[in-house]
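These are my notebook entries on a structure that I examined part by part. Each entry records what I looked up and what I found.

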Amino acid sequence: MHILAIETSCDETALALIQTEETADGTIQVTVLENLIHTQIDIHREFGGVFPALAKREHQKNIVPMILKLLRKTQSSLITETEKATGAFDMDQQPRKHLPSELQETLQTILAKEPLLYEQFTEHLLSLSRPQIDAICVTNGPGLEPALWVGINTAQALGFLWNIPVIPVNHMEGHLVSVLVPEHALPAEQENVSSFSFHKEPFALPVLALLVSGGHTEMIQVDAIGKYHLIGKTRDDAVGEAFDKVARIIGLPYPGGPEIAHLADNYHTHPTPAISFYEQVAQSPSLLHEPGSVFPRPMIHSSDYDFSFSGLKTAVRYLVEAIKKSHHDEIPQEFLRPLCYEFEEAATDVIVSKTKKAIEETGAQTLVVGGGVAANHHLRKVLTETLEPLLGRESIIFPGRGLTGDNALMIALAGYFKIQRDPHVIYSDIKAEGNMTLS
Ligand code: KG4
Ligand code: ZN
C-alpha cells in the first residue's frame, strides 16, 4: 500500500510517502518514495525556543508547496497503468477542475480556520487527479496544538478531495518505531528511492521504550506494537528541554542539545584546561550536591521510573551565577566544556540508572530509544555499555542518524502498524491533542 504521512507537531514540517508490501514469510518491505523535512529552526532561534503561533504560520506557508513537490517527484509511482499509457496524469498539463459547489463548501468548512491553505488548495490541488494513495497518516498529538492543526486540516482536506482515509498517529509512537529504519534509508530529500525491510513482529517482547525529546521523557512498556503502558515520565522539564534551557543559561543557541553535546564530547577528548572550573566549583561547596559530583542526579534513587530535570537545570543556573559573579559577569570560555560535560553526565546518569532498573524489573528483552535526545552520543554509549550485559548488543536499538529528530517517515510507519491492527476503523473527527499519551 501507498501511505502519505504528514507531521507538523513542532518546528518541522515533514512529509513522507512510502510503499509497503508484506511477503509470505511476514517480512514488510518498505520503499521510501519521498521523505521531506523543512525545519524552522533558524526562525525560532531568535526567540530561544519554539514560538507556537510562528510555527503554525510557517507550516501553513510551506505545506502545500511541499505536497506539490512530493507529488511531482513521485507521480510515476502514484498513477494507474491507464494514466501512464495515455499520459493523462501530468501535473503541469492538467486542466483546471472545479469542484461542484457543495463539495467546495465542504472543503471550505474543513479549512475554515486555514484561509491561506484554502487559497493554496483551490489554486494548486483541486486540478489534480486522485493519486493512488491508500491512506493519509497525520500526527494529531502530542505537540503544539496550533501546529498540529495545520497538519490535521491538510490531511482531512486531502482525504476529502481524493476520497482517501485519514489515520491519526501518535507522535511518540512514531519515535518508537523510528528504530526500524536503518541509516541507509535516508538522508532526506535524496535523489533515489531507498528501501528497507523488517519482520512484522520486529522486536523480542516485552520491549522497554525510552522516549527522550524536547517535549517528553517517557518510559513505556511495550507488550506489542500498539499495546503500551506508560511506566514513567518526567514530572517537570523533559530532558531535551533541560538541554535547551541550560544552553540558554550559558548563552548557546537553540536547540541547545547538539551544542551542549558537542562541547561535552570535546571535553571528553581534551579534558586538560578545566582545573580553574573545578577550583571554582570547590569554592562554592554549597553548590555541590555530593562530594565528587558537580550537579545533582534528581530522583536517581526514587522507587518509581519518573524523572525530574528542572532541579538539575536550576543547579546549573546557580553555579553559572556564582561563576559570573567572580568573573565580571561573564562565563570564562574555558568553563563551557567542563560545565556541559558535567551537566550531560548528570542527565545521562539518571536516565541510564532508571532505564536499567526498569529493564531488570519489567523483564524487558529489548530496549528501543527514540526522540531528539537519542542523537546524544554519550547517552547512547553509556546506555549500551550498561545494558549490553543484560540484553545483548542486538537488543539495544537506536534510530539511524537523521531519524532521531522529527520526521514523517516515522509517522508513516506508525500509521502502517495502526492500519494493520485496525484495518476497518474510520477516523472521522480527528482533533489535535497536545498532551496525548501513548496507551
Ligand atoms: O524529537 P525532537 O526533534 O522534537 C520533539 O519532539 O521535541 O527533539 C528535539 C530535542 C531538542 O530539545 C534538542 O535539543 C534535543 O532533542 N537534541 C539533543 C541532541 N540533539 C537534539 N539533546 C542532546 N544531545 C543531542 N545530540
Ligand atoms: Zn519528536
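**Entry 1: Strand β1 and its partners**

I began with the pairing of β1 and found that it runs parallel to strand β4 (residues 135–141), with four bridges between the two. I note at the outset that the model is a predicted one. Within this pairing, I looked up Leu-4 and found that its bridge partner in β4 is Ile-136. Ala-5 stands opposite Cys-137 in β4.

I then turned to strand β2 (residues 12–22), which runs antiparallel to β1 and is joined to it by six bridges. Here the bridge partner of Ala-5 is Ala-16. The connection between β1 and β2 is a hairpin of four residues.

Is β1 buried or exposed? I found that six of the six residues of β1 (residues 2–7) are buried, so the strand is largely enclosed by the rest of the structure. I also recorded the directions of the side chains: His-2, Leu-4 and Ile-6 point one way from β1, while Ile-3, Ala-5 and Glu-7 point the other way. All of these residues are buried, and the cut-off for that word is a relative accessible area under 20%.

**Entry 2: The whole sheet**

I next placed β1 in its sheet, which is open, has six strands and follows the order β5-β4-β1-β2-β3-β6. The pairing in this sheet is mixed. Which strands stand at the edges? They are β5 (166–170) and β6 (194–199); each has a single partner strand, so one side of each is left without a neighbour in the sheet. I noted an average twist of 30° from one strand to the next.

**Entry 3: The zinc ion**

I looked up what holds the zinc ion (ligand 2) and found three coordinating residues: His-171 through NE2, His-175 through NE2 and Asp-406 through OD. The distances are 2.0 to 2.1 Å. Along the chain, the donors follow the spacing H-x3-H-x230-D.

Where do the two histidines lie? Both His-171 and His-175 belong to helix α7 (residues 171–177), and they are four residues apart, about one turn of the helix. I checked their accessibility as well. His-171 has a relative accessible area of 5% and is therefore buried. His-175, at 1%, is also buried.

**Entry 4: Empty space**

I then searched for spaces in the structure. Rolling a probe the size of a water molecule over the atoms shows where empty space is left.

The second largest pocket holds about 270 Å³ of space. It is lined by 13 residues, and those nearest its centre are Lys-200, Glu-201, Pro-202, Ile-225 and Phe-417. Which helix gives the most to this lining? Helix α14 (residues 409–421) does, with four residues. By class, I recorded eight nonpolar, one polar and four charged residues in the lining of this pocket.

How many cavities of 30 Å³ or more does the structure hold? I found two. The second largest cavity contains about 40 Å³ of space. Its lining consists of Val-239, Phe-243, Ala-347, Thr-348, Ile-351, Val-373, Asn-376 and Leu-379. Helices α8 (239–249) and α12 (333–362) each supply at least two residues of this lining, and α12 gives the most, with three. I sorted the lining residues of the second largest cavity by class and obtained six nonpolar, two polar and no charged.

Note on methods:
Residues are numbered from 1 along each chain as its sequence is written. Chains are lettered from A and ligands numbered from 1 in the order in which they are written. This is a predicted model: local features need pLDDT of at least 70, side-chain atom pairs count only at pLDDT 80 or more; totals for chains, interfaces and linings use all residues. Side-chain values use heavy atoms; hydrogens and water are left out. Donors are N, O and S atoms within 2.8 Å of the metal (3.2 Å for Na, K and Ca); water is not among the atoms, so sites may look incomplete. Buried means under 20% relative accessible area, exposed over 50%, partly exposed in between (1.4 Å probe, protein chains only). On a 1 Å grid over the protein atoms alone, a cavity is a set of points where a 1.4 Å probe fits but cannot get out, and a pocket is an open set with protein on both sides within 12 Å along at least five of seven lines; lining residues have an atom within 4 Å of a point. Grid points are joined across faces, edges and corners, and a volume is the space filled by probe spheres set on the points. Ala, Val, Leu, Ile, Met, Phe, Trp, Tyr, Cys and Pro count as nonpolar, Asp, Glu, Lys and Arg as charged, and the others, Gly among them, as polar. Two strands pair if DSSP finds at least two bridges between them. Axes are lines fitted to C-alpha atoms, for helices over the stretch in contact, and angles run from 0 to 180 degrees between N-to-C directions.
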